[in-house]
Amino acid sequence: MIKHIRFVHEGQRPHECSVCGFKFSILSQLKRHMLTHTKEKPYKCQLCPQAYAQTNDLVKHAARVHGIDKPYQCDRCDEGFRLLTDLRQHYRVHVQSTEGGADQMEEVRFTTVAILQRAFSKDKQQQAEGNEKLE
C-alpha cells in the first residue's frame, strides 16, 4: 500500500534510464524500456523467424499473422482468451473450486511467454495433425 501511494499518488519514479533519463516507478518497467536502446528482441515467435522486444507485440503478431486470436489458453480446460486479464479472471473459477482455493489465488501468476509457448505448441500440433490427414 505504501508503494502504491508513493508511485501512483505522489508520482515518485526512482528508476532512471542511464541512456535517455526517462524515469520509471517500477524496476521491471525500466528493464523493459532498456530493450528499446539495446535493440534486443528476446521474445521470439515459435512459428516463424519474427522476434520482438515486448511480449504484447508478440501477442499481436501471433493474432495478426498466425491467426491465434485467443493466445491465452487455460491449462486446465483449454478455453482461450484474447486478453491475459480475462484468463486470470477465468482461472479463479478453477482455483476457487478447489479446497483452500481462495487462499491460493493470491499465489497465481501468469507469464505471457509461458502462455504463448503453450499456444504455439498447440498450433504446431494442430498443423501436424492436419498434414497427417492430407497424406
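Trainee: What makes His 61 count as buried?

Mentor: Good place to start! This is a predicted model, and in it His 61 has a relative accessibility of 2%. Buried means under 20%, so His 61 counts as buried. You can find His 61 in helix H3, which covers residues 55-66.

Trainee: How do you know that a polar contact joins the side chains of His 61 and Tyr 52?

Mentor: Look at the distance between them, which is 3.0 Å. The cut-off for a pair of N or O atoms is 3.5 Å, so the pair formed by the side chains of His 61 and Tyr 52 qualifies as a polar contact. Leaving aside neighbours within four places in sequence, His 61 is also in contact with other residues, including Cys 45, Cys 48, Gln 50 and His 66.

Trainee: His 66 is in that list. Why is His 66 called partly exposed?

Mentor: The relative accessible area of His 66 is 22%. Partly exposed is the class between under 20% and over 50%, so His 66 belongs there. His 66 is found in helix H3. Leaving aside neighbours within four places in sequence, His 66 is in contact with Cys 45, Leu 47, Cys 48 and His 61. The C-alpha atoms of His 66 and Cys 48 are separated by 9.2 Å, and the two residues are 18 residues apart along the chain.

Trainee: What class does Lys 39 fall into, buried or exposed?

Mentor: Lys 39 has 62% relative accessibility. Exposed means over 50%, so Lys 39 counts as exposed. Lys 39 is found in the loop between helix H2 (27-38) and strand E3 (43-44).

Trainee: What is the phi of Lys 39?

Mentor: Lys 39 has a positive phi of about 65 degrees, although it is not a glycine. Most residues other than glycine have a negative phi.

Trainee: And Lys 70, why is that residue called partly exposed?

Mentor: Use the reasoning you saw for His 66. Lys 70 has a relative accessible area of 44%. Values between the 20% and 50% limits are partly exposed, so that is the class of Lys 70. Lys 70 sits in the loop between H3 and strand E5 (72-73). Not counting residues up to four places away in sequence, Lys 70 touches Gly 80, Phe 81 and Arg 82.

Trainee: Which residues make up the largest nonpolar core?

Mentor: There are eight: Val 59, Tyr 72, Cys 74, Phe 81, Leu 84, Leu 87, Tyr 91 and Val 95. Helix H4 (residues 84-96) gives the largest share of this core, with four residues. Apart from it lies another core, of six residues, among them Cys 45, Tyr 52, Leu 58 and Phe 120.

Trainee: What makes those eight residues a nonpolar core?

Mentor: Members of such a core must be buried and joined through side-chain atoms within 4.5 Å. The eight residues form the largest set of this kind, so each of them is under 20% relative accessible area.

Trainee: Which residues line the largest pocket?

Mentor: Ser 28, Gln 29, Arg 32, Leu 35, Tyr 43, Ala 53, Gln 54 and Thr 55 do. H2 supplies the largest share of the lining, four residues. The volume of this pocket is about 160 Å³.

Trainee: How many helices and strands does the protein chain have?

Mentor: The chain has six helices and six strands. Of its 135 residues, 27% count as buried.

Definitions and conventions
Residues numbered from 1 in each chain as written. Predicted model: local features only at pLDDT ≥ 70, side-chain atom pairs only at ≥ 80, totals over all residues. Heavy atoms only, no water. Helix = DSSP H or I, 4+ residues; strand = E, 2+ residues; numbered from the N terminus. Buried < 20%, exposed > 50% of the residue type's maximum accessible area, 1.4 Å probe, protein only. Polar contact = N/O pair within 3.5 Å; in protein donor to acceptor, adjacent residues only side chain to side chain. Contact = heavy atoms within 4.5 Å. 1 Å grid on protein atoms, 1.4 Å probe; cavity = no way out; pocket = protein on both sides within 12 Å on 5 of 7 lines; lining within 4 Å. Points joined across faces, edges and corners; volume = space filled by probe spheres on them.
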